[in-house]
Amino acid sequence: MPSRTASSAAHRPRTTSEGGAGGEGASPEDRLTMGEVIARTGVPASALRFYEGRGLIVAERSDGNQRLYRRHMLRRISLILVAKRLGIHLVEVAKVFATLPTDHAPTHRDWQRVSRSWKSELENRRRYIENLEHELVGCIGCGCLSMKACSLLNPGDGLSERGQGPVRLDELYR
């Protein structure tokens with residue numbers, strides 16, 4: 001009885017080692033071995049297994065239990081790396097990736113939707129950092145010793161209710 005797995009030779013797409021997913025003639029249905037994905041992305045095997053365990057990427061298994069990744073998983077891995085550089089947490093990446101198909105390459109519209117959601121998040125972070133910078137510059141420039149004017153470390157002089165002087169230092173060394 002023939003095997004019905006996706007990895008049986010008669011029914012599975014070629015791997016790159018079979019000449020299927022290199023440059024010329026590459027098909028979106030080609031599968032890449034873990035070694036080929038590592039060579040292409042620079043991501044270590046342990047990270048690929050971690051991402052797979054978190055549902056960020058998906059691998060199929062060959063008859064020999066070797067992981068085989070659809071070519072479009074390269075884009076997911078690349079986006080994980082970009083998200084990490086931008087400070088986007090993997091939990092957020094997973095939420096977005098949960099809306100994308102894993103059995104075929106996402107469409108251009110799918111990727112535009114992902115891009116818009118991350119753009120909004122990054123704009124919010126930029127505004128937060130700009131506000132923080134403004135408060136920090138004001139705090140450094142004021143030079144007050146009581147911190148009454150400092151909206152960053154002592155908004156509304158809330159520390160005055162806890163005592164006089166360097167309240168935080170006093171609490172730290174009690």
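I began with helix 2, residues 45–53, and found that its buried residues are A47, L48, Y51 and E52. They cover an arc of only 140° around the axis, which puts them on the same side of helix 2. This fits what I know of such elements in general: an α-helix has 3.6 residues a turn, so residues three or four places apart point the same way. I note here that the model is a predicted one.

Next I looked up what covers these buried residues of helix 2, and the cover includes helix 1 (34–41), strand 2 (59–61), strand 3 (67–70), helix 3 (73–86) and helix 4 (90–97). Just after helix 2 comes G55, whose phi is positive, near 80°.

I then turned to the sheet, where 3 strands form an open arrangement in the order 1-3-2 with antiparallel pairing. Strand 1 (31–33) and strand 2 are the edge strands, as each of them pairs on one side only. On average, neighbouring strands of this sheet are turned by 45° against each other, direction ignored. Strand 1 and strand 3 pair over 3 bridges in the antiparallel sense, and R31 stands opposite R70 in strand 3. Helix 1 packs on the sheet, where it touches strand 1 and strand 3, and its direction makes about 85° with that of strand 1.

Last, I went over the whole protein chain, which holds 6 helices and 3 strands, running β-α-α-β-β-α-α-α-α from the N terminus on. Of its 174 residues, 30% are buried. The chain exposes about 11700 Å², and carbon and sulfur atoms supply 55% of that area.

Methods
Residues are numbered from 1 along each chain as its sequence is written. This is a predicted model: local features need pLDDT of at least 70, side-chain atom pairs count only at pLDDT 80 or more; totals for chains, interfaces and linings use all residues. Side-chain values use heavy atoms; hydrogens and water are left out. Buried means under 20% relative accessible area, exposed over 50%, partly exposed in between (1.4 Å probe, protein chains only). Helices (H or I, at least four residues) and strands (E, at least two) are DSSP runs, numbered from the N terminus. The arc is that of the directions from the helix axis to the C-beta atoms. Contact means heavy atoms within 4.5 Å. Accessible areas come from the Shrake-Rupley method with a 1.4 Å probe; for residues, only the protein chains shown count as cover. Two strands pair if DSSP finds at least two bridges between them. Axes are lines fitted to C-alpha atoms, for helices over the stretch in contact, and angles run from 0 to 180 degrees between N-to-C directions.
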